[in-house]
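Got the viewer open? Let's take a walk through this one together, one selection at a time.

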Amino acid sequence: MTTLLLPLLTFTLPAPASLSGAVSLLLLHLSWTSLVLSHHPLTLELVLILLVRGVFFLAPALALSALQAAGALAAPARRRPRGRPRKDGAVAPWVVVGKVVANLVAGALVQAAVEWVCTEALSVRSAVRVAVVWPGVFDLLAGVVAAVVAREVVQYVVHSQLLHPPHSSTRLSRLHQAGSHALAPTALLSHYDHPLPYLLLHFLPTYLPALVLRPHLLTFLLFLAVVSLFEALQLSSLRGLPAPFLDALLDAKEEHWITGGTRAFADLAILDWLAGTPGRRPASSYSPRKRVDSMRRKSKLLLS
Ligand SMILES: [Zn+2]
């Protein structure tokens, strides 16, 4: 484990100011090379996926959930329509955290298991390439964009057709409603669900693009980091972020929960827009400016 952690630390710790960019890059490359050469590719993939999920989803989601619980961020639950199933208060926070961690671990283990079956049992190549040579910057960015778009398609199909079927409920859709849609939303809720709908909605849309695109492990980890960070933000009520389109995307995801899953099925809202299921609220009911002001007022009250 030490041989895994030491090279990882060189990725996370800032390089001394005296080191030039080229030397820092060389050190990073040496650390990556030693990681790849000294560990089984599946071990490396599993550990790094869990690390990325922990850093880019679990840590920010816990912090944002704590702010929501303290009242520093507005709670979407207050706008929830009446008559929908609701269990807030019936599930202890530590149970929510435990279930989220279990789902994150389950997703990583299922990926490692599928990769093991591919490489060891079927003797075919793995979906994610673990290689010493880094991907080029263009390959890295193009790979992330392609994976995000492919994920959008799989996510839309799974979420709108399997977890919220348009005509009648199924056992699977009821599991999703009773899991993800039953609690008052917090930043953690993105990964709170029954394991079966969870794997369909979170494992499949990230793994299927990898099967098709066969990205470098570093490309896959960057894709996973972007996705995880968005998932931590989507039910956090945090608004006024630097990217102006982010507020609209986060509103749409919040709307999915508020409407009980009748619209806004995918994160980028492209297929929702094409299919006529966008998650936009009427313009009169939402003002990003007002929401930021309200958040600031609440923060001041909390600090005073
Ligand atoms: Zn849903």
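Start by selecting helices α5 and α8, which pass each other in a right-handed crossing. Keep in mind that you are looking at a predicted model. The two axes come within 9 Å and cross at roughly 50 degrees. Angles from 35 up to 65 degrees fall outside both the roughly parallel and the roughly perpendicular ranges, and α5 and α8 are therefore oblique to each other.

Now show the side chains where they touch. On α5, pick Leu140, Gly143, Val144, Ala147, Val148 and Arg151. Facing them on α8 are Leu218, Thr219, Leu222, Phe223, Val226 and Val227. Sorted by class, that contact has nine nonpolar, two polar and one charged residues. The spacing of the numbers has a simple background: an α-helix has 3.6 residues a turn, so residues three or four places apart point the same way.

Stay on α8 (residues 217-233) and add α3 (residues 41-69). At what angle do α3 and α8 pack? It is about 20 degrees, with the axes 9 Å apart. Angles under 35 degrees count as roughly parallel, so that is how α3 and α8 lie to each other. Their crossing is right-handed.

For this contact, select Glu45, Leu48, Ile49, Val52, Arg53, Phe56, Phe57, Pro60, Ala61 and Leu64 on α3. The α8 side brings Leu217, Leu221, Leu224, Ala225, Ser228, Leu229, Glu231 and Ala232. Color by class and you should find 14 nonpolar, one polar and three charged residues.

While α3 is still on screen, click Val55, which sits in this helix. Is Val55 buried, exposed or partly exposed? It has 14 C-beta neighbours inside 10 Å, so it counts as partly exposed. Draw a distance from its C-alpha to that of Ala225: the pair is 170 residues apart in sequence, yet 8.3 Å apart in space.

Next, try coloring by annotation. An unreviewed UniProt entry gives "transmembrane region" for residues 46-70, 91-112 and 132-154. Select residues 46-70 and you get a span that is 96% helix and 0% strand, with its end C-alpha atoms 34 Å apart. Then switch to residues 132-154: here the chain is 78% helix and 0% strand, and the end C-alpha atoms are 30 Å apart.

Move on to α6, residues 171-179. Which of its residues are buried? Select His176, Gln177 and Gly179. The buried residues of α6 pack against α5 (137-163) and α7 (195-213), so bring those two helices back into view.

Last stop: two backbone oddities. Most residues other than glycine have a negative phi. Ser123 goes the other way, with phi near 55 degrees. You'll find Ser123 in the loop between α4 (93-121) and α5. With 7 C-beta neighbours inside 10 Å, Ser123 counts as exposed.

Now jump to Ala269, another non-glycine with a positive phi, this time about 65 degrees. Look for Ala269 in the loop between α9 (244-258) and α10 (270-275). Is Ala269 buried or exposed? Ala269 is buried, because 23 other C-beta atoms lie within 10 Å. To finish, show Ser123 and Ala269 together: Ser123 is exposed, whereas Ala269 is buried.

Notes
Residues are numbered from 1 along each chain as its sequence is written. This is a predicted model: local features need pLDDT of at least 70, side-chain atom pairs count only at pLDDT 80 or more; totals for chains, interfaces and linings use all residues. A residue is buried if 20 or more other C-beta atoms lie within 10 Å of its own, exposed if 12 or fewer, and partly exposed in between; C-beta atoms are placed from the backbone. Helices (H or I, at least four residues) and strands (E, at least two) are DSSP runs, numbered from the N terminus. Two residues are in contact if their C-beta atoms, placed from the backbone, lie within 7 Å. Axes are lines fitted to C-alpha atoms, for helices over the stretch in contact, and angles run from 0 to 180 degrees between N-to-C directions. Angles under 35 degrees count as roughly parallel, over 145 as roughly antiparallel, 65 to 115 as roughly perpendicular and the rest as oblique. A crossing is left-handed if the near helix is turned anticlockwise from the far one by less than a right angle, and right-handed if clockwise. Ala, Val, Leu, Ile, Met, Phe, Trp, Tyr, Cys and Pro count as nonpolar, Asp, Glu, Lys and Arg as charged, and the others, Gly among them, as polar. UniProt positions are given in the numbering used here, feature names are shortened, and annotations may be inferred rather than shown by experiment.
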